[in-house]
Amino acid sequence: MANQLTIRRAFKDELRQATERGEWELFYQPQVTLSDGKAIGAEALLRWRHPSRGLIMPAAFIPVLETHSVAYEVGSWVIDEACAQLAYWRSRGRPLPRMSVNLFAAQFSAGNLEHVVSAALERYALEPGDLEIEITETIALRPDEHVLRSLNALRDAGVGIALDDFGTGFASLSTLKQIPVTRLKIDKSFVEDICYEPYSSGIVGAITSLGGRLGIEVIAEGIETEEQRDVLVQLGCTAGQGYMFGRPEPAEMRQRHGMWAA
Ligand code: C2E
Ligand code: MG
Ligand code: MG
């Protein structure tokens, strides 16, 4: 037990150092219209470029980072960097419509999320509709005063709000009555077996209808094959994201692949 605490503490020190040394990077994955594969946006995904261990994926650090006092700082950097990249791509004639960023709960509890977002939008001369924030059920499940105030302020300003990993956790449908969601992201676990598991296709079809009834857009995550895409299209899903359309890649690589051409 004591040993585990020591390991965790050492890891937390490393995360602080990583922040001080600027070892965070963003990779970008396209979000597309399923019918023609055209980019409708991109999701910014955090990576840790460790000086000796190389590239580290979120699964290895997010669970600790999200409980760390630097989460707010890292999260604010993600917003700023993603906005800067969108503005840069646009300035280079690559009219990507929108950028999505994932948020830590700490970014809400700090109480100034609206200001962090509006400052970044202003800095890079972007419109609120150019940005979408992705929240998971950790944030959405029991939205407190801070969360609701920030989400409503962002929504009123025109920033998109996506509910990530939809359908997997404990967040009930009544969450949708409480928080001003503009997009549901169908979790990749449903897409993975959608071609042969009737429950998954049933759930995806229900989420798609739900989105239609509530006027909320729907996007499917984790699309890897044409078969999965075809089933999603049959079920009424029009937007998606997944290795089939492009893996998360550093900005320079995405640029070279020309993914954002209109
Ligand atoms: P997420 O937001 O649900 O992101 C989607 C994850 O699915 C990404 O994993 C992406 O690389 C992966 N993915 C995309 N397409 C496919 C596919 O076709 N097949 C499969 N198997 N996977 C696919 P990644 O980049 O490892 O990120 C994992 C999670 O870490 C994210 O899940 C998100 O919850 C969290 N995360 C990543 N970046 C950030 C960040 O900047 N801030 C916060 N707060 N969380 C982040
Ligand atoms: Mg996400
Ligand atoms: Mg997700």
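Between which two strands is the loop that holds Gln241? Gln241 sits in the loop between strand 9 (239–240) and strand 10 (249–250).

This is a predicted model: local features need pLDDT of at least 70, side-chain atom pairs count only at pLDDT 80 or more, and totals for chains, interfaces and linings use all residues. Residues are numbered from 1 along each chain as its sequence is written, chains are lettered from A and ligands numbered from 1 in the order in which they are written, and side-chain values use heavy atoms, with hydrogens and water left out.

**View 1. Gln241 and its polar contact with Gln29.**
The loop residue Gln241 is buried, at 2% relative accessibility. (Buried means under 20% relative accessible area, exposed over 50%, and partly exposed in between, with a 1.4 Å probe and protein chains only.) The side chains of Gln241 and Gln29 make a polar contact of 2.9 Å. (A polar contact is a pair of N or O atoms within 3.5 Å; within protein, one must be able to donate a hydrogen and the other to accept it, and residues adjacent in sequence count only if both atoms are side-chain atoms.) Strands are DSSP runs of E with at least two residues, helices are runs of H or I with at least four, and both are numbered from the N terminus.

**View 2. The magnesium ion (ligand 2) and its protein donors.**
Glu43 (OE), Asn102 (OD1), Glu134 (OE) and Asp164 (OD) are the protein donors, lying 2.0 to 2.2 Å from the ion. (Donors are N, O and S atoms within 2.8 Å of the metal, or 3.2 Å for Na, K and Ca; water is not among the atoms, so sites may look incomplete.) Along the sequence, the donor residues are spaced E-x58-N-x31-E-x29-D. Distant parts of the chain are linked here: Glu43 in strand 2 (residues 39–50) and Asp164 in strand 6 (residues 160–166) are 121 residues apart. Glu43 is buried, with a relative accessible area of 4%. Asp164 is buried too, at 8%.

**View 3. The magnesium ion (ligand 3) and the bridge to ligand 2.**
The protein donors of ligand 3 are Asp164 (OD), Asp165 (OD), Glu221 (OE) and Glu221 (OE), lying 2.0 to 2.4 Å from the ion. Their spacing along the chain is D-D-x55-E. Asp164 bridges the two magnesium ions, ligand 3 and ligand 2, which lie 4.3 Å apart. Asp165 is partly exposed, with a relative accessible area of 28%.

**View 4. Ligand 1 and the residues around it.**
Ligand 1 is surrounded by 23 residues, and the closest are Arg47, Asn102, Asp164, Glu224 and Tyr243. (A residue counts as near if one of its heavy atoms lies within 4 Å.) Strand 2 gives the most to this shell, with four residues. A polar side-chain atom of Glu43 lies 3.0 Å from an oxygen atom of ligand 1. An N or O atom in the Asn102 side chain is 2.9 Å from an oxygen atom of the ligand. For Glu224, a polar side-chain atom lies 2.5 Å from a nitrogen atom of ligand 1. Two or more residues of the shell come from each of strand 2, helix 2 (58–65) and strand 6.

**View 5. Gly41 in strand 2.**
Gly41 is buried, at 0% relative accessibility. Gly41 and Tyr72 are 31 residues apart along the chain, and their C-alpha atoms are separated by 24 Å.
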